[in-house]
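These are my notebook entries on one protein model. I record what I looked up, entry by entry.

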Amino acid sequence: MHATLPRLEAAGFPAIRRKRLDTLQVNLGYQCNQTCVHCHVNAGPTRTEMMSRETISDVIAYLKTSRVNTLDLTGGAPELNAHFRALVLAARNLGVRVLDRCNLTILEQPGQEDLAQFLAANAVEIIASLPCYLEENVDAQRGKGVFEASIRALRMLNALGYGQAGSELALKLVYNPQGASLPPAQGQLEHDYHRHLGERFGIVFNQLYVLTNMPIQRFGSMLISKGRFEDYMELLKNAYEPANLESVMCRSLVSVDWRGYVYDCDFNQMLGLPLRLNGKPRVHLRELASEDLDGNPIAVKDHCYGCTAGHGLSCGGDLREER
């Protein structure tokens, strides 16, 4: 694995500061049942880093005392954490909206046979990765058979009410480019997804998010191996849109790693760039209870161009769709 941080140190990205915090994004661990080319976490079946019950208790305690209204659960496959369901139940009991960043195939893993029913029973919003609506593209990016398993999972979720008209069970899909290119506009691609998945498989969903591949971890290392890292960075910088700075996810979200340490975003977490607060080298979630992050500076490097290139990137997809 090639290190990407030394190649991002130019730091020509403009300084930005935080707004009001409303989302706590928690990485429950790096273990995953898949090994995807575009994965910025370098997740996979052999990863052992998993959030402990003690740290999950810290997450719940923070939800009780903070103004955060959304808990965004990610991984790896977050559902593989033994305490995933306990955390979901605690958050829902507090009235907190819960998002599950689901890779779909996890729903067929041994021990997860009732996972879809659990998510539906607790009105968990599902943000499901499906990087294309074509089988050959998905399997090339995520592994043979992943597309068929994903379609079965989507049909299961639809049968439970996810994505259906009039249902409160939200199902949102995520698109990633196949390689070193920017994603297309979210609106037209969402139309294509609806048409193709609906006509061929009878699948419905609420919304599509388009995400830019970030030049870090597995994808960044692949770019270095192929001698394309600098070209990709140039692509991101040339597509920079200053208007996207207003809505980037790091202004209203903090990312928590499996040990409980806090970062401005999930990408910074993977680069080892902790949230800066009161001169401390790193901050644990337990230390945030009495802190107001409004106006706090955000740690930036040149990978941040990935969130502001073209239509922009947030955990909710295309920023122009949000404005």
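**Entry 1: a term settled beforehand.** I call a residue buried when its relative accessible area is under 20%, exposed when that area is over 50%, and partly exposed in between. I also note at the outset that the model is predicted.

**Entry 2: confidence.** I looked up the pLDDT and found a mean of 90 for the protein, with 93% of its residues at 70 or more. I then turned to residues 314-323, where the pLDDT is below 50. Beyond near neighbours in sequence, that stretch still has 40 contacts in the model.

**Entry 3: salt bridges.** I asked how many salt bridges a search of the whole structure finds. The search returns 16. I recall that side chains of opposite charge can pair when their charged atoms come close.

I began with Asp58 and Arg286, whose closest N and O atoms are 2.8 Å apart in a salt bridge. This pair links distant parts of the chain, 228 residues apart. Asp58 belongs to helix H1 (residues 53-65), whereas Arg286 sits in the loop between helix H9 (266-271) and helix H10 (305-308). Is Asp58 buried or exposed? Its relative accessible area is 14%; because the cut-off for buried is under 20%, Asp58 counts as buried. Arg286, at 52% relative accessibility, is exposed.

I next examined Asp302 and Lys237, whose side chains form a salt bridge at 3.2 Å, N to O. Asp302 lies in the loop between H9 and H10 and Lys237 in helix H8 (residues 229-238), so the pair ties together parts that are 65 residues apart in sequence. Asp302 is buried at 2% relative accessibility, while Lys237 is partly exposed with a relative accessible area of 32%.

My next pair was Arg259 and Asp257, which form a salt bridge with their closest N and O atoms 2.7 Å apart. Arg259 is partly exposed, at 35%, and Asp257 is buried, at 1%.

I also noted a network of salt bridges that links Lys19, Glu246 and Arg251.

**Entry 4: cysteines.** I asked how many disulfides a search of the whole structure finds. The count is 0. I then asked why Cys250 forms no such bond with the closest cysteine. The sulfur of Cys250 is 6.0 Å from that of Cys265, the closest cysteine sulfur, and this is too far for a bond because a disulfide requires sulfur atoms within 2.5 Å. The reasoning for Cys307 also leads to Cys265: the closest cysteine sulfur is there, 6.2 Å from the sulfur of Cys307 and too far for a bond. Cys250 is buried, with a relative accessible area of 10%, and Cys307 is buried as well, at 9%.

**Entry 5: helix H7.** I asked which residues of helix H7 are buried. Helix H7 covers residues 217-225 and is mostly covered, with 7 of its 9 residues buried. They are Gln217, Arg218, Phe219, Gly220, Ser221, Leu223 and Ile224. I then looked up what these buried residues pack against, and found H8 and H9. Helix H8 is also where Lys237, the partner of Asp302, is located. After H7 comes Gly227, and I recorded for Gly227 a positive phi, near 70°.

Technical notes: Residues numbered from 1 in each chain as written. Predicted model: local features only at pLDDT ≥ 70, side-chain atom pairs only at ≥ 80, totals over all residues. Heavy atoms only, no water. Buried < 20%, exposed > 50% of the residue type's maximum accessible area, 1.4 Å probe, protein only. Salt bridge = Lys/Arg side-chain N within 4 Å of Asp/Glu carboxyl O. Helix = DSSP H or I, 4+ residues; strand = E, 2+ residues; numbered from the N terminus. pLDDT = per-residue confidence, 0-100. Contact = heavy atoms within 4.5 Å.
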